[in-house]
Amino acid sequence: MSTDWVPALDRPDLLAAPVLHALRSMQDAGTDVDRVEVTEIDPDQADTAVLVEATGWAMEDMANCIVISGSRAGEERVCAALVLGHTRADVNTTIRKTLDVRKCSFMPMDAAVERTGMEYGGITPVGRPDDWPVLVDARVTGREHIVIGSGVRRSKLRLPGAMAAELPGARVVDGLAVEVPAG
């Protein structure tokens, strides 16, 4: 598969509407969004492991966005969590404590799709609802580049790992994810 990375705002057709809006808002606020690039992919290869196999990209450079919800005193608390592809989010300890809830879980797929305005397999912290914080595993910020969703399954974004900490509502959290044993 050939991938041609171009500045994301040069290809709005490859971005979900909330992602395009968020990038334009970040640009208006002075963020250098030219560092955010997009490339078209086969939508059947949008899942991380499949994409790594098809492209040869490093699993350590892939970053997955998951949507977690819980509640406290009847108040829903939701976050987007960004973790590297070779790790898994520590939902039941770190994220639960960060959200300050007794119990939390992955938001059901249909609800996550509806509430983000993005496609399943393309959900990204860029353009998620403003009232959802973005919890970023500290290891993400140490990567030269990360590959994340674009809001649609047919493309991916690439940006410097450190830029994940600059996303609106982002909070870097040590220990947000744990290593997945190889094999």
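Is C104 buried or exposed? I looked up its relative accessibility in this predicted model. The value is 5%, so C104 counts as buried.

**Cysteines**

I searched the whole structure for disulfides next. The search returned zero. I then asked why C65 has no partner. The closest cysteine sulfur to that of C65 belongs to C79, and the two are 8.9 Å apart, too far for a bond. The cut-off I needed here is 2.5 Å between sulfur atoms. C104 is in no disulfide either. Its nearest cysteine sulfur is also that of C79, at 7.3 Å. I checked the burial of C65 as well. Its relative accessibility is 17%, so C65 counts as buried. The limit for that label is under 20%.

**Largest nonpolar core**

I turned to the packing. The largest nonpolar core has 36 residues. Which of them touch the most other members? I found L23, I146 and L157. I then listed the elements that give two or more residues to this core. They are one helix entry, α1 (17–28), and the strands β3 (63–72), β4 (75–84), β7 (134–137), β8 (146–149) and β9 (155–159). The largest share comes from α1, with five residues.

**Contacts of L23**

I looked up L23 by itself, leaving aside its neighbours within four places in sequence. On the N-terminal side of the numbering, L23 is in contact with A8, L9 and L15. Its other contacts are V33, V36 and V126.

**Second core**

I noted one more core, separate from the largest. This second core has 15 residues. Among them are C79, A81, L99 and L176. C79 is the cysteine I had already met as the closest to C65.

Methods
Residues are numbered from 1 along each chain as its sequence is written. This is a predicted model: local features need pLDDT of at least 70, side-chain atom pairs count only at pLDDT 80 or more; totals for chains, interfaces and linings use all residues. Side-chain values use heavy atoms; hydrogens and water are left out. Buried means under 20% relative accessible area, exposed over 50%, partly exposed in between (1.4 Å probe, protein chains only). A nonpolar core is a set of buried Ala, Val, Leu, Ile, Met, Phe, Trp, Tyr and Cys residues joined through side-chain atoms within 4.5 Å. Helices (H or I, at least four residues) and strands (E, at least two) are DSSP runs, numbered from the N terminus. Contact means heavy atoms within 4.5 Å.
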